[in-house]
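Visitor: I am new to this structure and would like to be led through it step by step. Where shall we begin?

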Amino acid sequence: MRKNIIAGNWKMHTSLREGVALASALDKKIQKHEGNIEAGVIIAPPLTHLSLIKQVIKEERICLAAQNCSSEIKGAYTGEVSAKMLKSFGVNAVIIGHSERREYFNETDEILTKKVNLVLENDMKPIFCCGENLGQREEGTHFGVIKSQIQNALFHLPANDFSKLIIAYEPIWAIGTGVTASSEQAQEMHAFIRNVLKEKYGKEIAENISILYGGSMKPANAKELLAQTDVDGGLIGGASLDADDFFEIIKFA
Ligand code: PEP
């Protein structure tokens with residue numbers, strides 16, 4: 001059965017000292033919590049923080065993710081960091097295809113395909129993001145947009161590799177805007193995505209993939225969003241920078 005997952009995307013926030021303090025505060029909250037924590041917890045701090053944060057969290061409580069990796073294996077690519085390098089210092093998941101990377105760094109479906117392949121080859125989990133912009137939502141093309149993002153970057157994968165993915169639906173108009181998709185909009189799209197996966201990979205794989213919602217999720221709206229049948233957790237930006245807020249969301253999942 002699929003697992004609920006709460007993942008925090010810190011983006012380009014926190015100094016090293018702040019990041020280590022945030023990760024360790026979260027780890028302590030989870031450790032000290034008396035009830036059951038059902039959800040898997042992932043954090044994706046900035047690259048510069050990963051190695052040190054690895055030392056202050058326990059893998060059984062928090063999974064460490066990177067926000068990006070190179071689409072190349074190795075070589076003369078100044079400034080890039082490979083999937084193999086991430087794996088070598090204990091990263092277990094990588095966010096791929098975030099809308100900010102698609103938009104500001106021109107990441108195409110072809111590039112995302114290469115990244116997904118490298119993440120899987122290095123035994124890590126891709127957290128694959130898809131999402132439509134406001135114009136596409138308003139003109140009613142959002143279902144087609146999401147279907148092609150998934151098909152183009154992922155449908156070359158054999159079923160056993162595909163089943164290792166986490167999918168995050170992140171409507172661009174809801175990211176960092178304070179505007180959240182309604183729980184009906186989120187459920188509608190998540191059910192649509194699961195159906196797209198079912199058509200290609202069959203019921204069992206589709207039912208077992210975690211599909212996270214991302215876009216201004218915070219303690220005040222998380223409970224309702226996470227209660228939807230096909231919403232299996234959240235990818236959280238802003239609210240993941242506050243250990244209390246992030247932990248509140250974790251408890252709802
Ligand atoms: C994100 O960037 O993945 C995100 C969902 O951000 P926020 O929660 O701040 O909207």
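Guide: Please keep in mind that this is a predicted model. We can begin with one residue, H142, whose place is in a helix spanning residues 142–154, namely α7.

Visitor: Is H142 buried or exposed?

Guide: The cut-off for a buried residue is a relative accessible area under 20%. The relative accessibility of H142 is 9%, and therefore H142 counts as buried.

Visitor: Which residues is H142 in contact with, once its neighbours within four places in sequence are left aside?

Guide: Contact here means heavy atoms within 4.5 Å. With the neighbours within four places in sequence set aside, the residues in contact with H142 are E132, Q136, R137 and M189.

Visitor: Where does E107 lie, and is E107 buried or exposed?

Guide: E107 belongs to the loop that runs between α4 (99–104) and α5 (109–121). Leaving aside neighbours within four places in sequence, its contacts include N68, G97 and K115. Because its relative accessible area is 8%, E107 is buried.

Visitor: How many Å apart in space are E107 and V20?

Guide: In sequence, E107 and V20 are separated by 87 residues. In space, taken from C-alpha to C-alpha, the separation of E107 and V20 is 29 Å.

Visitor: What radius of gyration does the protein chain have, and why does that agree with a compact globule?

Guide: The C-alpha trace of the protein chain spans about 45 × 45 × 35 Å along its principal axes, and the chain holds 12 helices and 8 strands. For 253 residues, a compact globule would have a radius of gyration near 18 Å, so the value for the protein chain agrees with that expectation, being 17 Å.

Visitor: Which residues come nearest to the ligand?

Guide: There are 14 residues around the ligand, and this shell divides into 4 nonpolar, 8 polar and 2 charged residues. Of those 14, the ones that come nearest are K11, H98, E170, G176 and S216.

Visitor: How much of the ligand does the protein bury?

Guide: Several polar atoms lie by oxygen atoms of the ligand: an N or O atom in the side chain of K11 is 2.5 Å from one, a polar side-chain atom of E170 is 2.6 Å from one, and a backbone N or O atom of G238 is 2.8 Å from one. Taken alone, the ligand exposes 290 Å², and the share of this that the protein buries is 94%.

Terms used. Residues are numbered from 1 along each chain as its sequence is written. This is a predicted model: local features need pLDDT of at least 70, side-chain atom pairs count only at pLDDT 80 or more; totals for chains, interfaces and linings use all residues. Side-chain values use heavy atoms; hydrogens and water are left out. A residue is near a molecule or strand if one of its heavy atoms lies within 4 Å of it. A polar contact is a pair of N or O atoms within 3.5 Å; within protein, one must be able to donate a hydrogen and the other to accept it, and residues adjacent in sequence count only if both atoms are side-chain atoms. Accessible areas come from the Shrake-Rupley method with a 1.4 Å probe; for residues, only the protein chains shown count as cover. Ala, Val, Leu, Ile, Met, Phe, Trp, Tyr, Cys and Pro count as nonpolar, Asp, Glu, Lys and Arg as charged, and the others, Gly among them, as polar. Helices (H or I, at least four residues) and strands (E, at least two) are DSSP runs, numbered from the N terminus. The radius of gyration is taken over C-alpha atoms; the globule rule is 2.2 Å times the number of residues to the power 0.38. Buried means under 20% relative accessible area, exposed over 50%, partly exposed in between (1.4 Å probe, protein chains only).
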